[in-house]
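Me: I've got a model open and I'd like a close look at one part of it. Can you walk me through that part and then show me what else is there?

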Amino acid sequence: MVNTTQPTADLSPAPTVKKIQDERLREVSFVTKIMRRPELGALAGLILVAIFFASTADPSMFTLAGIMNILSPAAQLGILAIAAALLMIGGEFDLSIGSMVAFTGLIFGAFITLSGWALLPAIAATLVIAAVLGGLNGQLVIRTRLPSFIVTLAFLFILRGLSLVGLKWATGGSTQMRGIGDQAGEGLIRELFSGNALEGAFAWLAANDLIGKFPNGTPTVTGVPVSIVWFAGFALLATWILLRTRAGNWIFAAGGDPNAARNSGVPVDRVKTALFMLTAAAAAVVAILTVLDAGSTDARRGFQKEFEAIIAAVIGGCLLTGGYGSAIGAFFGAIIFGMVSIGLTYTRFDSDWFQVFLGAMLLLAVLFNNFIRRKVTGER
Amino acid sequence: MKSIVTGLAAAAALTLASVAPVAAQQNSRIIVVSHGQANDPFWSVVKNGVSAAGQDMKVQVDYRAPETFDMVAMGQLIDAAVNQKPAGLIVSIPDASALGPSIQKAVAAGIPVISMNSGSDVSKKLGALLHVGQDEVVAGRIAGAKLKEMGGKVGLCVNQEVGNVSLDLRCKGFTEGFGGKVTVLPVSNDPADIRAKVKAAVASDASVDTILALGAGTAGEPSVAAVKEAGKTGAIRVATFDMSAGFLKSVAAGEAVFAIDQQQYLQGYLPVVFLANYAKFGLMPGGDVASGPNLITKEKAAQVVDLSAKGIR
């Protein structure tokens with residue numbers, strides 16, 4: 001187990017009697033406190049990547065439309081990555097989240113198109129089914145004591161296969177299910193899960209020539225895609241849970257040293273099961289957002305997203321061994337991933353090199369992140 | 001010393017001269033966003049067509065595709081292309097509902113769009129200028145007519161992906177062009193299963209003289225093998241949609257009559273040429289362009305094998 005000083009554990013009131021302080025209670029300067037945050041490396045990595053693209057890419061990458069363009073894939077990945085980060089801090093992996101996106105997308109699509117359900121019950125039922133599957137993952141890991149890596153790897157294949165079987169069954173042989181967007185209907189619930197937020201504000205900005213417009217007068221950016229709002233909201237919520245609630249302390253404890261945690265009364269198994277359920281539900285949210293946005297789903301949705309989510313969490317400072325990490329770090333990690341994957345298309349590199357660049361940039365971001373963190377925390 | 005200075009000056013002048021047109025080309029940049037990965041043999045040919053057209057027309061071309069078949073990511077790549085305001089945009093449209101909004105955004109931004117490969121049915125509706133691809137019904141009809149001309153009367157259409165609409169269209173076109181009796185034989189995509197089913201079909205109906213398979217590697221090669229096992233090579237004419245090395249060998253050896261090439265090289269090449277001319281002179285063909293079919297018979301097979309090694313077919 002990696003021995004790290006958890007910067008988030010000082011929930012107790014600051015000590016007032018200075019004489020009895022040992023090194024654990026030593027007051028540190030504000031700057032050092034900032035520097036010890038696990039997400040600092042990710043933020044530094046993001047700045048590094050942004051500088052790289054600012055000097056090599058088409059300037060349109062950093063216009064308002066360009067930034068929304070980067071944030072869209074970052075948001076979809078980020079919702080998964082934040083959940084994956086919480087789970088990793090809790091000491092487990094979930095490799096089935098990519099397949100879960102495809103599977104829950106199919107379930108959701110089937111509720112809408114085949115059963116003709118309204119949006120709200122369809123969303124609720126999809127989330128419940130996802131949570132049950134996540135809970136199953138968690139229980140299997142806990143009861144069998146097998147590594148979650150293996151158990152969820154099995155579900156990666158099972159759910160991917162079920163998506164294909166289910167799609168062919170539901171559509172009568174096709175691997176693509178269309179028309180979900182048309183049947184989902186309009187209304188408040190729809191607006192929470194698809195389209196753009198703040199459209200009025202952006203229309204006003206465009207009307208006053210504060211942001212770019214197309215020749216026909218519509219603004220180049222009609223609003224903030226709702227997935228970005230979900231992404232930011234989820235990052236804030238997860239950070240609050242991790243740093244300011246008892247559940248957050250339990251997560252760190254369960255991942256840091258499960259036995260010690262159990263001995264001090266932390267319900268480790270319940271925490272882990274809940275985290276698996278949360279991860280699966282996050283995958284379902286991404287599925288619902290993308291299905292409503294695209295209007296269709298297919299058997300390849302979410303392909304390899306499990307790896308991208310874990311990479312984003314690691315860039316964000318999570319340790320593969322558990323017990324350390326942050327949700328805000330995963331937030332920055334997902335933005336780095338989005339910036340690299342979209343940013344390369346703004347450069348002149350031949351697309352055959354795409355994956356080489358993607359891998360190299362990510363490795364660089366992680367190495368840089370690690371370097372910064374070791375430098376400031378003195379950790380080995 | 002002086003000569004070095006002159007040399008340097010000359011080199012600088014040359015560099016400037018060669019840089020200037022490049023700068024001018026920035027305005028005539030064309031971006032291709034497809035759903036096919038560059039390491040897929042079929043799509044690498046499309047990409048080669050794009051690069052060749054870029055060189056021939058002296059325009060900057062960029063080929064982009066998501067790392068996996070991912071419609072959400074592809075939509076984002078189209079958005080990224082639109083932000084860069086290219087002189088033209090070329091897209092394939094395998095899923096109109098997922099990609100439609102991004103394509104319409106490109107059209108709204110005043111970027112000329114051409115669709116290629118897939119999406120002929122929705123191309124116009126989304127605002128694309130035209131579509132370059134193979135019409136499946138027309139291709140089936142042409143293949144059917146050719147097989148009829150060869151003397152075919154009773155045909156089998158071997159469908160390895162029942163439910164795929166574009167494959168159904170191929171059988172439909174074949175039936176129309178062939179004129180004679182056509183039975184659709186649904187099979188799985190397992191070569192052993194296809195071979196067994198084709199063998200059973202030709203054994204149960206001795207009048208079958210023509211087989212059209214809907215994929216070369218999947219259904220075509222096992223069909224040739226089945227006919228060979230039934231001892232009817234030559235008596236039953238076998239043709240297929242698309243091409244594979246094994247099937248082309250059979251065509252060259254006279255065991256099969258032809259393969260239908262949709263010439264995807266042109267699906268990359270032609271749209272770039274059209275958009276470059278559109279940017280320069282405002283020229284654009286008046287309707288969709290059929291990149292195929294081209295029937296690869298025994299005479300052409302050797303040349304095609306040669307060119308496929310070079311990534312052109």
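Over which residues of chain A does pLDDT stay under 50, and how many contacts beyond four places in sequence does the model have for them?

Reply: That would be residues 1-12 of chain A: pLDDT (the predictor's confidence in each residue, from 0 to 100) stays under 50 there. For this stretch the model has 14 contacts beyond four places in sequence, a contact being two residues whose C-beta atoms, placed from the backbone, lie within 7 Å. Where pLDDT is low, the predicted coordinates should not be read in detail.

Some housekeeping: residues count from 1 along each chain as its sequence is written, and chains are lettered from A in the order in which they are written. This is a predicted model, so local features need pLDDT of at least 70 and side-chain atom pairs need 80 or more, while totals for chains, interfaces and linings use all residues.

Chain A as a whole has a mean pLDDT of 86, with 90% of its residues at 70 or more. Among its elements, helix H1 (residues 30-35) of chain A has the lowest mean, 69, and helix H5 (residues 119-144) of chain A the highest, 96. Helices (H or I, at least four residues) and strands (E, at least two) are DSSP runs, numbered from the N terminus.

Now for the other chain. 33 residues of chain A are in contact with 27 residues of chain B. On the chain A side, helix H3 (64-89) and helix H13 (268-294) each supply at least two residues, and H3(A) gives the most, with 6 residues. That side of chain A divides into 8 nonpolar, 20 polar and 5 charged residues.

Over in chain B, there's an open sheet of 6 strands in the order S2-S1-S3-S4-S5-S11, with parallel pairing (two strands pair if DSSP finds at least two bridges between them). Strand S2 (60-64) and strand S11 (289-290) of chain B stand at the edges with a single partner strand each, so one side of each has no neighbour in the sheet. Inside the order, 3 bridges join strand S4 (residues 113-116) of chain B to strand S5 (residues 130-133) of chain B, which run parallel. Look for Ser115(B) opposite His131(B) in S5(B).

Chain B also has an open sheet of 6 strands in the order S7-S6-S8-S9-S10-S12, with mixed pairing. There, strand S7 (181-186) and strand S12 (294-296) of chain B are at the edges, each with a single partner strand, so one side of each lacks a neighbour in the sheet. S7(B) pairs with strand S6 (residues 154-159) of chain B in the parallel sense over 6 bridges. Leu156(B) stands opposite Thr183(B) in S7(B).

Technical notes
Ala, Val, Leu, Ile, Met, Phe, Trp, Tyr, Cys and Pro count as nonpolar, Asp, Glu, Lys and Arg as charged, and the others, Gly among them, as polar.
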